[in-house]
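Subject: Structure for your review

Dear colleague,

Please find below the structure that I am handing over to you. I would be grateful if you could read the notes beneath it with the structure open.

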Protein chains: 2
Amino acid sequence: MNLPRRVKLIDVGPRDGLQNEKQPVPAAVKVELVHRLQDAGLNEIEVTSFVSPKWVPQMADNAEVMAGIHRQPDVRYSVLTPNLQGFEAALKTKPDEIVVFGAASEAFSQKNINCSIEESIERFAPVVKAARDAGIAVRGAMSCTVGCPYEGEIAPERVGYLAGLMKSIGIQRVDVADTIGVGTPRKVQAAIEATLRHYALNDVSGHFHDTYGQALVNTLAALQVGVWNFQSSVAGLGGCPYAKGATGNVATEDVVYMLQGMGIETGIHLDKLIDAGVFISNALGRQPNSLVSRAVLNKRAV
Amino acid sequence: MNLPRRVKLIDVGPRDGLQNEKQPVPAAVKVELVHRLQDAGLNEIEVTSFVSPKWVPQMADNAEVMAGIHRQPDVRYSVLTPNLQGFEAALKTKPDEIVVFGAASEAFSQKNINCSIEESIERFAPVVKAARDAGIAVRGAMSCTVGCPYEGEIAPERVGYLAGLMKSIGIQRVDVADTIGVGTPRKVQAAIEATLRHYALNDVSGHFHDTYGQALVNTLAALQVGVWNFQSSVAGLGGCPYAKGATGNVATEDVVYMLQGMGIETGIHLDKLIDAGVFISNALGRQPNSLVSRAVLNKRAV
């Protein structure tokens, strides 16, 4: 198997994870989670979002969380900014990177952000420009790149089309996200290959949900086409907003275990990562949603 | 990705699964499970074992279960037979195949069956001969081919050694089992490659446990070296005898979903399979241990 020798993981637990948790989490706990993640060796963390607290009350403490972090020079802290107002609020907290988003599915774009794919890109253009002018990196999260809860399967051409639009407004790198976790290896590779017509391998990351248990196998499929950046969520934080009780983000622990088992360098200390997952899961009053965490905790208990 | 065009799944739920369940299951429920599996398109089912009921009370109803099945001509019914006494009892129930077992780990062999690897092979030799003389196929289950709960990592050479011993006594095909689910793709491929020095590709099956969430990714890795026979367990029946509450056998549902998503033919009807998993899980008073089942049941509920 010809695979990358190292992988960079972007932990999206504090933002993408906790945003989907019903239970509110105090800012101090979020800050502690970020600290534990960076102590475990994560060097990219999606911290929070600057969205209206009317829509996402879970992230209303965004500035407080950003201010509370003892930053490490080798860690990149990113925040989600859907519009200029959010970007300006984010700017004051000095993020290293902002994240904007778009869907490969027209129906999802309409239902999720109430505008067409093209309109969403037009709206993001000034945000991207403002970020680039301020010397801040920009990542584009491409959702529904394999399947959509409203449209079903999404053709790779739609993913390529969205990637091209993102490239055209200056977005520097993109995530290929299987938002509802329906993807399987060949479909995921097709979505990535469509993206690679617009972005270099170094600028493409995989973001796979484990709703149907396929996240790791899709990660391996992505590795096999050369992708070496991936998003994942400590303790599998996040659930799936489209199916009650279903699994969403793949657990960072499970990805790290697989990569380490294959001799791929991640820079991550698995035991510390598991402890970070236990910490936040305790705060949420439940068990980590990670089979690796469960197996290791079982072994530790013996 | 160069992958086999079709895959044969051997459902081990009725035997390997239910043997590890604490709760006793009535023979009629087991028979119904076998019927539901064959209706869903499984054409190989590990039905029961002929072991002393003192050791494995869960399988004391072996003859009753075998007698209760309305057999289909295209389905292979296999049973576990650890010794001649068990084989003779099994023979009366007309199995299509018997299964014997051995470990790639010396410590596991000692702790599990109280003899060395070589001694276990010597004990199985007359069982294999009797089966072959009676025209019954013989499969050898090779456990701990990647890791062992007592020894840790197992070198591929140990797997090759066991495969060679099995071949020498006339065992026709073998399973490469990751009994404690610690394997990752490259390690699993190495275990398979060691086996392929003694057995042809058509005679090797993969048996991966999901304890660390790696079963599907290991299945893909095995497919990539040409393996096209796999064992799995409907509803993830079985748990893990070496870690309380941990996951054991990969759920057949999850394997089928992945294979179908990649366009690989299995002959299995996923919805009927999910229903079979719900049936046995209801009998056990719990939810199916399959993410695909959970996701599909969520969708059905909407």
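The notes below take up the relation of the two chains, then one helix, one strand and one residue. Please bear in mind that this is a predicted model.

Relation of the chains

A turn of 180° with a shift of 0.0 Å along the axis lays chain A on chain B, with an RMSD of 0.0 Å. That is the relation of a two-fold axis. The same surface serves both copies, since 100% of the contact residues of chain A recur in chain B. Within chain A, the residue that comes closest to the rotation axis is Val217(A), whose C-alpha lies at 2.2 Å.

Helix H2 of chain A

Helix H2(A) comprises 13 residues, 27-39. At 1.5 Å a residue the helix should span 18 Å, and its end C-alpha atoms are indeed 18 Å apart, so expectation and model agree. The buried residues of H2(A) include Val29(A), Val31(A), Leu33(A), Val34(A) and Leu37(A), and among them are also Lys30(A), His35(A) and Gln38(A). The buried residues of H2(A) pack against strands S1 (8-11), S2 (44-49) and S3 (76-80), and against helices H1 (13-19), H3 (62-68) and H11 (270-284), of chain A. Just after H2(A), Gly41(A) adopts a positive phi of about 110°.

Strand S8 of chain B

Strand S8(B), residues 173-178, has six of its six residues buried, so it is largely enclosed by the rest of the structure. In a regular strand, side chains alternate between the two faces of the sheet. In S8(B) both faces are covered: Arg173(B), Asp175(B) and Ala177(B) are buried on one side, and Val174(B), Val176(B) and Asp178(B) on the other.

S8(B) pairs in the parallel sense with strand S5(B), residues 137-143, over four bridges; here Gly140(B) stands opposite Val174(B). S8(B) also pairs in the parallel sense with strand S9(B), residues 204-208, over five bridges, and Asp178(B) stands opposite Phe208(B). Together with helix H8(B), residues 185-195, strands S8(B) and S9(B) make a right-handed β-α-β unit.

Met59 of chain B

Met59(B) is placed in the loop between strand S2 (44-49) and helix H3 (62-68) of chain B. Is Met59(B) buried or exposed? Its relative accessibility is 1%, and therefore Met59(B) counts as buried. Leaving aside residues up to four places away in sequence, Met59(B) touches Pro14(B), Arg15(B), Leu18(B), Gln19(B), Lys30(B), Thr48(B) and Ser49(B).

Yours sincerely

Technical notes. Residues numbered from 1 in each chain as written. Chains lettered and ligands numbered in written order. Predicted model: local features only at pLDDT ≥ 70, side-chain atom pairs only at ≥ 80, totals over all residues. Heavy atoms only, no water. Helix = DSSP H or I, 4+ residues; strand = E, 2+ residues; numbered from the N terminus. Expected span 1.5 Å × (residues − 1). Buried < 20%, exposed > 50% of the residue type's maximum accessible area, 1.4 Å probe, protein only. Contact = heavy atoms within 4.5 Å. Least-squares fit on C-alpha atoms with pLDDT ≥ 70 in both. Pairing = 2+ DSSP bridges. Right-handed = clockwise from strand over helix to strand, strands pointing away.
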